[in-house]
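Here are my notes on this one, point by point. Have the model open while you read.

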2 protein chains.
Amino acid sequence: MSTEPLTAERILEATEEVLRRHGPAKATVVDVARQLGVSHGSVYRHFRTKSALREAVTKRWLDRTTRELSSIADDEPKDAEASLRAWLAGLFEAKRRKAGDDPQLFATYEVLLAENSEVVEEHITELVAQIEQIVHWGVERGQFTALGPDAQVARAVFDATSRFHDPAYAPQWLKPEILVEFEAVVDLVLGGLRLLDRS
Amino acid sequence: MSTEPLTAERILEATEEVLRRHGPAKATVVDVARQLGVSHGSVYRHFRTKSALREAVTKRWLDRTTRELSSIADDEPKDAEASLRAWLAGLFEAKRRKAGDDPQLFATYEVLLAENSEVVEEHITELVAQIEQIVHWGVERGQFTALGPDAQVARAVFDATSRFHDPAYAPQWLKPEILVEFEAVVDLVLGGLRLLDRS
């Protein structure tokens with residue numbers, strides 16, 4: 001069907017398409033091979049089991065968000081507070097987009113997330129590391145107070161904003177007041193970080 | 001079986017016991033009546049439908065927590081920060097106790113919560129109102145900064161601590177590091193509220 005070489009990326013693209021169409025319970029490796037016009041053996045040469053394939057497609061989906069946000073976290077910020085605010089808004093925006101633009105695919109990935117908890121844990125670790133980077137700069141520049149070790153503070157920022165990135169809350173992201181509630185939590189969290197005259 | 005008058009409270013006690021024993025899918029009003037040694041007609045005189053009974057038992061379960069915490073929220077505090085800290089710790093402790101002491105009953109109530117979202121919404125409103133009371137005192141006494149309207153700030157405090165009271169996170173409450181993570185979020189949130197020289 002195609003003369004392009006069969007790369008892992010092409011297989012993962014096809015897998016996502018098959019998952020969207022058949023749902024996570026029914027999608028098979030044979031469906032993926034058929035979609036690509038190759039034998040299922042060729043797919044297995046890249047991904048040795050069906051569960052390895054499902055794990056890889058889940059990781060790819062999560063990595064898209066991590067990559068989008070890394071540009072904010074990697075840019076050494078002049079204003080750590082503005083940077084963290086942009087990062088948190090970016091995360092919420094990315095998650096809401098995923099949930100809202102293609103609810104069926106989102107539901108599919110919710111099933112995959114539940115079966116690949118290690119991939120999810122790694123994803124969370126990467127996101128928290130990005131926050132940690134911003135917190136670190138903020139503390140170094142004297143813009144943030146050091147409430148504790150950077151990693152612990154970063155985890156607290158992530159946890160405190162769970163309602164705005166944990167897919168379990170996705171149904172609430174459609175509520176009209178959700179953005180006001182998001183801003184209120186971000187104000188609270190950033191207020192806690194801001195370095196003031198703590199005499 | 002008993003000469004005590006058949007009160008709503010006795011029916012609800014028996015309902016909880018029946019739910020614990022049979023699970024939420026199988027428990028019936030006839031089981032509740034049998035447990036009390038009365039006719040099911042007598043139960044229906046207090047609760048007109050099975051779903052009204054399930055709703056009432058859910059509300060009773062949630063109200064236990066609200067009542068426990070109200071003693072902290074109602075006591076006009078000298079130190080709003082200490083008071084809010086005690087309230088948040090009390091909420092987390094009450095939820096962890098419910099989840100940990102009787103996991104089967106907790107799982108049962110998770111099913112009931114999903115079925116009775118209005119009762120859950122009311123419960124959340126009551127809890128947020130208790131936080132609001134503490135925030136209000138804190139602002140009035142000049143201990144808390146007014147980040148926004150009290151009700152909105154209270155909701156932000158509730159949202160920021162979701163991971164430590166939303167039953168969806170109950171499996172995480174068993175992690176050894178959970179108390180450290182809780183304290184880190186509380187420090188962050190209280191740091192955001194603390195009134196300092198914001199010059």
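1. How many residue pairs are in polar contact between chain A and chain B? The count is four, with both residues of each pair at pLDDT 80 or more. Polar contact here is a pair of N or O atoms within 3.5 Å; within protein, one must be able to donate a hydrogen and the other to accept it, and residues adjacent in sequence count only if both atoms are side-chain atoms. On the chain A side, α8 (150–160) and α9 (178–193) each supply at least two of the residues that touch chain B. The biggest giver is α9(A), with nine residues.

2. Before going further, the ground rules: this is a predicted model, in which local features need pLDDT of at least 70 and side-chain atom pairs count only at pLDDT 80 or more, while totals for chains, interfaces and linings use all residues; side-chain values use heavy atoms, with hydrogens and water left out. Residues are numbered from 1 along each chain as its sequence is written, and chains are lettered from A and ligands numbered from 1 in the order in which they are written.

3. Now the chain A–chain B interface as a whole. Chain A puts 25 residues into the contact and chain B puts in 25 residues, contact meaning heavy atoms within 4.5 Å. Together the two chains bury about 2,200 Å², with 62% of it on carbon and sulfur atoms. Buried area is the accessible area (1.4 Å probe) that two parts lose on being put together, summed over both.

4. Two salt bridges cross between chain A and chain B; the rule asks for a side-chain nitrogen of Lys or Arg within 4 Å of a carboxyl oxygen of Asp or Glu. A:R163 and B:D159 form a salt bridge across this interface, at 2.6 Å from N to O.

5. On symmetry: a turn of 180° with a shift of 0.0 Å along the axis lays chain A on chain B with an RMSD of 0.0 Å. That is the relation of a two-fold axis. Both copies use the same surface, as 100% of the contact residues of chain A recur in chain B. The superposition is by least squares on the C-alpha atoms of residues with pLDDT of at least 70 in both copies.

6. As for the fold, chain A has nine helices and zero strands. These elements are DSSP runs numbered from the N terminus (helices: H or I, at least four residues; strands: E, at least two). The C-alpha atoms of chain A fill a box of roughly 70 × 35 × 25 Å along the principal axes.

7. Chain A is split into domain 1 (8–46) and domain 2 (59–193), with bounds from an automatic or database domain assignment. Their C-alpha centres lie 31 Å apart. Seven residues of domain 1 of chain A are in contact with ten residues of domain 2 of chain A, and the area buried between these domains is about 770 Å², 54% of it from carbon and sulfur atoms. Look at A:E16, A:R20 and A:P24: they supply 66% of what domain 1 of chain A buries against domain 2 of chain A, more than any other three residues.

8. What links the domains by charge? Between domain 1 of chain A and domain 2 of chain A there are four salt bridges, whereas the structure holds 42 over all chains. A:E9 and A:R60 meet in a salt bridge with N and O 3.1 Å apart. A:E9 lies in helix α1 (residues 8–22) and A:R60 in helix α4 (residues 50–74) of chain A, so the pair ties together parts 51 residues apart in sequence.
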